[in-house]
Structure formats: structure tokens, C-alpha cells
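The following account leads the reader through one structure, moving from a single loop residue to the nonpolar cores, and then to helix packing and charged pairs.

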Amino acid sequence: MRERLAQCPYFEGVNMIGSFDTQKLQEVLKDFYTAVGIRISIFDDEFNAVTEYPLVPPKFCANIRATRAGREACRACDRAACLRAQKLREAHIYTCHAGLTEAITPIQLDGGVIGYAILAHMMPAEDYSAAQENACSLAARFGTAREDSLAALREIAPRPAEQIHAAARVLDALAAYVQMRNFARLGGGTAAREIEKFVSENLSGKLSADLLCKHFHCSRSSLHQIARRAFGMGIMEYVASRRIERAKRCLREGMSIAEAAAASGYEDYSYFCRAFRRAEGCSPGEYRARNA
């Protein structure tokens with residue numbers, strides 16, 4: 001990605017990594033762990049661990065990560081989870097490559113994803129024996145003996161599905177708190193921030209991929225890659241989503257449908273109504289009546 005960005009003069013030397021206050025994050029993660037008792041990690045937008053608590057992983061995971069193949073599998077699993085969270089834009093629960101239950105949610109800002117929060121290393125109370133056997137079998141692929149895996153898994157308290165789902169919902173709230181308190185933010189002068197700012201300032205006018213490429217002096221493929229990584233969607237999908245969000249705000253503030261359409265960059269009233277219904281599942285008039 002950095003090589004591709006270098007091809008765009010406007011973004012030369014710019015990175016897209018979120019800026020994190022690791023000291024403050026450590027305090028928050030420690031409090032979260034004290035309350036919930038589940039290990040939690042914060043990842044940046046390049047899927048690298050920024051900080052976690054506790055700092056030492058459980059023995060089961062340490063055994064797997066002792067091998068190069070195990071470390072690579074863990075990283076690939078984390079990356080895949082982050083990509084899913086980027087697409088879903090909400091917390092979800094999954095089973096990791098080693099058979100443990102985990103939950104992840106994106107940390108979002110200005111329509112983009114700047115990081116991820118992950119609840120890791122849980123075992124389900126339901127069908128615990130089957131989950132235990134599955135984890136042992138998966139760990140064996142990385143050279144961990146069954147008896148060692150069983151002993152390590154006993155250190156991980158099984159949790160009922162209700163508790164795991166509740167923890168995932170709390171994780172969503174934690175991610176919002178981290179962003180709200182400015183513990184995670186886009187680095188100054190980032191490509192994503194520049195795109196977001198330009199789109200916001202020109203949302204009521206004409207915005208096209210060609211216009212954006214011309215403004216930022218970059219190719220369509222580079223712009224698409226930046227948008228896909230920062231916002232989880234293509235550049236014009238991002239523009240469309242921002243237009244609808246502005247239209248919703250305008251309607252809530254009492255504007256007429258025609259005024260909301262114009263303020264959001266829609267010249268064609270009928271097209272605006274169709275686009276709004278496609279995005280929100282209701283007409284602009286219905287939305288306005290419920291929310292004005």
C-alpha cells in the first residue's frame with residue numbers, strides 16, 4: 001500500500017495509520033478486563049496490535065505462537081477478522097483459527113475505520129467438550145501435544161453464549177468511548193482525512209471519481225484502494241453513503257425533501273428518492289415524518 005501511495009504526488013510520504021494514546025488505552029483496557037474478565041486487544045488500521053491487556057497471552061495461545069507457522073496463522077486470522085469488521089461496521093463473534101471464541105468491532109471516525117477492538121481467547125460453555133477437542137485438534141497442527149493443550153485450556157474459563165454476546169455489545173460501546181475520548185484518531189495529514197475533508201466540503205456539488213483523481217493527482221485504482229482500506233468501500237460508494245447521511249440530517253432538522261436532496265448533492269429529485277429508499281428502506285417523506 002505504501003508503494004501505491006507513493007505513486008500519488010498529493011499523498012507522497014503520507015501514511016494512513018491511526019494515532020493511538022497507548023497509555024490511556026492501557027488504563028481503559030485494564031478497567032475493562034477488571035470488569036469483564038476477558039482479554040482485549042486494540043489493532044490499528046493495518047491489522048497490527050497496538051496494545052492489549054493482559055500483556056501476556058494465555059498458555060494455549062503462547063504454545064501456538066511459539067512456532068512460525070502458528071504466528072503466521074494468528075496474524076492471518078486477525079487480519080481476516082478485521083476485514084470482516086470493516087465490512088460489517090459492527091461487532092461480531094467468530095471462532096479463531098485455533099478454535100477459541102473471539103469478538104471484534106471496528107473503531108470508526110468520520111465514516112472510516114481507524115482501528116479494531118478484539119475480545120480474545122474465550123471458550124463456549126455450551127458443548128464445551130466438543131469445543132475443547134476441536135481446539136486441541138487445531139493446535140496439534142502447530143506441534144502442540146494434546147495433553148499440553150488440555151492443560152492450557154483449563155486456564156480459560158468457559159463462558160455461556162449469553163455472556164459472550166453481552167461482552168460483544170459492551171465491546172461496541174468501548175470502541176465508541178475510545179474514539180469519543182480521542183484515544184484513537186486519524187494521524188494528522190493522512191490520506192483518509194484529506195479525502196474525508198474534501199468530500200464533506202463538496203458534498204452538495206458534483207463529485208465524481210475523475211474529479212477526485214484530478215484534485216488529489218492520483219489514479220483511479222490508487223484512490224479506490226485508499227477508500228477501500230480507509231472506509232471499507234469504493235470511493236463513490238463512500239460519497240453516496242455520506243450524501244445519504246447528510247440528507248437524513250437535513251430531514252431531521254426540518255428541511256423539505258427537495259431542500260435535503262439539493263443540500264446532499266442530488267440534482268434529480270426522483271433519483272434521490274429512489275437512492276434514499278434503497279439505502280434506508282423507507283422514503284424520505286416517511287423518514288422525515290418519523291424523525292423531524
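Thr-144 sits in the loop that joins α5 (128-140) to α6 (146-153). The model under discussion is predicted. With a relative accessible area of 9%, Thr-144 is buried, because the limit for that class is under 20%. When residues up to four places away in sequence are not counted, Thr-144 touches Asn-63, Ile-64, Ala-139 and Ser-149.

One of these contacts, Ile-64, leads to the nonpolar interior. The largest nonpolar core has 29 residues, and those touching the most other members are Phe-60, Ile-64, Tyr-94, Leu-100, Ile-104, Tyr-116 and Leu-153. At least two residues of this core come from each of α3 (59-65), α4 (68-88), β6 (112-124), α5 and α6. Leu-153 illustrates how such a residue is surrounded: with neighbours within four places in sequence left aside, Leu-153 is in contact with Phe-60, Leu-100, Met-123, Tyr-128, Gln-132, Ala-135 and Cys-136. There is also a second core, separate from the one just described, with 24 residues, including Ile-42, Ala-168, Leu-174 and Ala-184.

The next topic is helix packing. A pair of packed helices is described by two quantities, the angle between the axes and the distance between them. For α8 and helix α10 (residues 220-231), the angle is about 95° and the axes are 10 Å apart. This makes α8 roughly perpendicular to α10, because angles of 65 to 115 degrees fall in that class. On the α8 side the contact involves Ala-191, Ala-192, Ile-195 and Glu-196, which meet Leu-223, Ile-226, Ala-230 and Phe-231 of α10. Sorted by class, the contact of α8 with α10 comprises seven nonpolar residues, no polar residues and one charged residue.

Glu-196, which belongs to that contact, also takes part in a salt bridge. Its partner is Arg-242, and the closest N and O atoms of the two are 3.2 Å apart. Arg-242 belongs to helix α11 (residues 235-252) and Glu-196 to helix α8 (residues 191-201), so this pair ties together parts that are 46 residues apart in sequence. Arg-242 and Glu-196 are both buried.

How many salt bridges does the model contain? The count is nine. Two further pairs can be set beside the one between Arg-242 and Glu-196. In the first, the side chains of Arg-249 and Glu-253 meet at 4.0 Å, N to O. Arg-249 is partly exposed, at 39% relative accessible area, while Glu-253 is exposed, at 58%; the two fall into separate classes because exposed means over 50%. In the second, Glu-286 and Arg-277 form a salt bridge, also with an N to O value of 4.0 Å. Here Glu-286 is partly exposed, with a relative accessibility of 37%, and Arg-277 is likewise partly exposed, with a relative accessible area of 43%.

Salt bridges also link Glu-245, Lys-248 and Glu-280 in a network. Lys-248 offers a route to another helix. Where does Asn-291 lie? Asn-291 is part of helix α14 (residues 284-291), and a relative accessible area of 34% makes Asn-291 partly exposed. Although 43 residues separate Asn-291 from Lys-248 in sequence, their C-alpha atoms are 8.9 Å apart in space.

Note on methods. Residues are numbered from 1 along each chain as its sequence is written. This is a predicted model: local features need pLDDT of at least 70, side-chain atom pairs count only at pLDDT 80 or more; totals for chains, interfaces and linings use all residues. Side-chain values use heavy atoms; hydrogens and water are left out. Helices (H or I, at least four residues) and strands (E, at least two) are DSSP runs, numbered from the N terminus. Buried means under 20% relative accessible area, exposed over 50%, partly exposed in between (1.4 Å probe, protein chains only). Axes are lines fitted to C-alpha atoms, for helices over the stretch in contact, and angles run from 0 to 180 degrees between N-to-C directions. Angles under 35 degrees count as roughly parallel, over 145 as roughly antiparallel, 65 to 115 as roughly perpendicular and the rest as oblique. Contact means heavy atoms within 4.5 Å. Ala, Val, Leu, Ile, Met, Phe, Trp, Tyr, Cys and Pro count as nonpolar, Asp, Glu, Lys and Arg as charged, and the others, Gly among them, as polar. A nonpolar core is a set of buried Ala, Val, Leu, Ile, Met, Phe, Trp, Tyr and Cys residues joined through side-chain atoms within 4.5 Å.
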